[in-house]
Amino acid sequence: MTNNLTTMPKITTEWQRFEQLSADMLYEVLRFRQSIFVVEQGSPYADLDGLDREARHLLLRSGGELAGYLRLIQMPVRIGRVAVALQLRRRGLGRRLMEEALRFCRERHPAQDIILAAQQNLVPFYSSFGFAVISEPYDDCGVMHVEMRMQLCG
C-alpha cells in the first residue's frame, strides 16, 4: 500500500532584529510583504512606514523558502504585517506565526497588552487567540480593519 499523503516541507521560524537582516534577507522580506499587501490585495499600501528598524522580525520558512512573516514592535507591544504565502494558506502557518509571537511576548513583555490592526475578515482568527476588538472599523488603503487587543495581565 502506498502513502498518497503529501507532506509539508520542514517548517522553521527565526527571529531577527533589523540589523541582523542581510541585504538579501531584507529584500526577500520586503518583496514578500509587497506581494501580499500591495499586489495581491490591490492596495496602494505604504508598507515602508519607518517602523522596521525598531521591530523584531519573525520569518517562517518552509523548505528554506519564506512562507510567512510578521513583525513585532516592542513599545507598545504591537504585532503587524502578519502574512502567509498565498499557496500555503489554510495549513496552520498563520497560527504557528501567531503562537510564536505570543510566546515571545509572554516571555519578554509579560505585563503588557498586545495590540494589532486586523483586517476585518480576520477578526475570528485573531479572536481565537484571545484578542478583542477595541475600535470601530476603519478603511486602511481600501482594506477594512479594526484595532484589537489582548490583555496578558490581570
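Start by selecting Asp52 and Arg71: their side chains are joined by a polar contact of 2.8 Å (a pair of N or O atoms within 3.5 Å; within protein, one must be able to donate a hydrogen and the other to accept it, and residues adjacent in sequence count only if both atoms are side-chain atoms). Before going further, note that this is a predicted model, in which local features need pLDDT of at least 70 and side-chain atom pairs count only at pLDDT 80 or more, while totals for chains, interfaces and linings use all residues. Residues are numbered from 1 along each chain as its sequence is written, and side-chain values use heavy atoms, with hydrogens and water left out.

**Around Asp52**

Stay on Asp52 and add Arg33, whose side chain makes a polar contact of 2.9 Å with that of Asp52. Asp52 sits in the loop between helix 1 (23-40) and strand 2 (56-62); helices (H or I, at least four residues) and strands (E, at least two) are DSSP runs, numbered from the N terminus. Is Asp52 buried or exposed? Asp52 is buried, with a relative accessible area of 8% (buried means under 20%, exposed over 50%, partly exposed in between, using a 1.4 Å probe and protein chains only). Now show its surroundings: leaving aside residues up to four places away in sequence, Asp52 touches Phe18, Leu30, Arg33, His57, Tyr69 and Arg71, where contact means heavy atoms within 4.5 Å.

**Along helix 1**

Next, select helix 1. Its 18 residues reach 24 Å from first C-alpha to last, close to the 26 Å expected at 1.5 Å a residue; the expected span is 1.5 Å times one less than the number of residues. Pause at Gln34, where helix 1 bends by about 30 degrees, the angle between axes fitted to the seven residues ending there and the seven starting there. Colour the buried residues of helix 1, which are Met25, Val29, Phe32, Arg33, Ile36 and Phe37. They pack against strand 1 (11-17), strand 2, strand 3 (65-74), strand 4 and strand 5 (114-119). Just after helix 1, look for Gly42, which takes a positive phi of about 55 degrees.

**A link between distant parts**

Move to Glu40 and Arg89, whose side chains meet in a salt bridge of 2.7 Å, N to O (a side-chain nitrogen of Lys or Arg within 4 Å of a carboxyl oxygen of Asp or Glu). Arg89 lies in the loop between strand 4 (77-84) and helix 2 and Glu40 in helix 1, so the pair ties together parts that are 49 residues apart in sequence. Arg89 is partly exposed at 29% relative accessible area, and Glu40 is partly exposed too, at 36%.

**Along helix 2**

Now select helix 2 (residues 93-108), which has 16 residues and reaches 23 Å from its first C-alpha to its last, close to the 22 Å expected. Its buried residues include Leu97, Met98, Leu102 and Phe104. Which residue forms a salt bridge with Glu100? Arg103 does, with the closest N and O atoms 2.4 Å apart. Glu100 is buried, at 15% relative accessible area, whereas Arg103 is partly exposed, at 34%. Arg103 also forms a salt bridge with Glu107, with closest N and O atoms 2.7 Å apart. Glu107 is exposed, at 52%.

**Last stop**

Salt bridges that share partners also join Arg33, Asp47, Asp49, Asp52, Arg71 and Arg81 into one network, so select these six together to finish back at Asp52.
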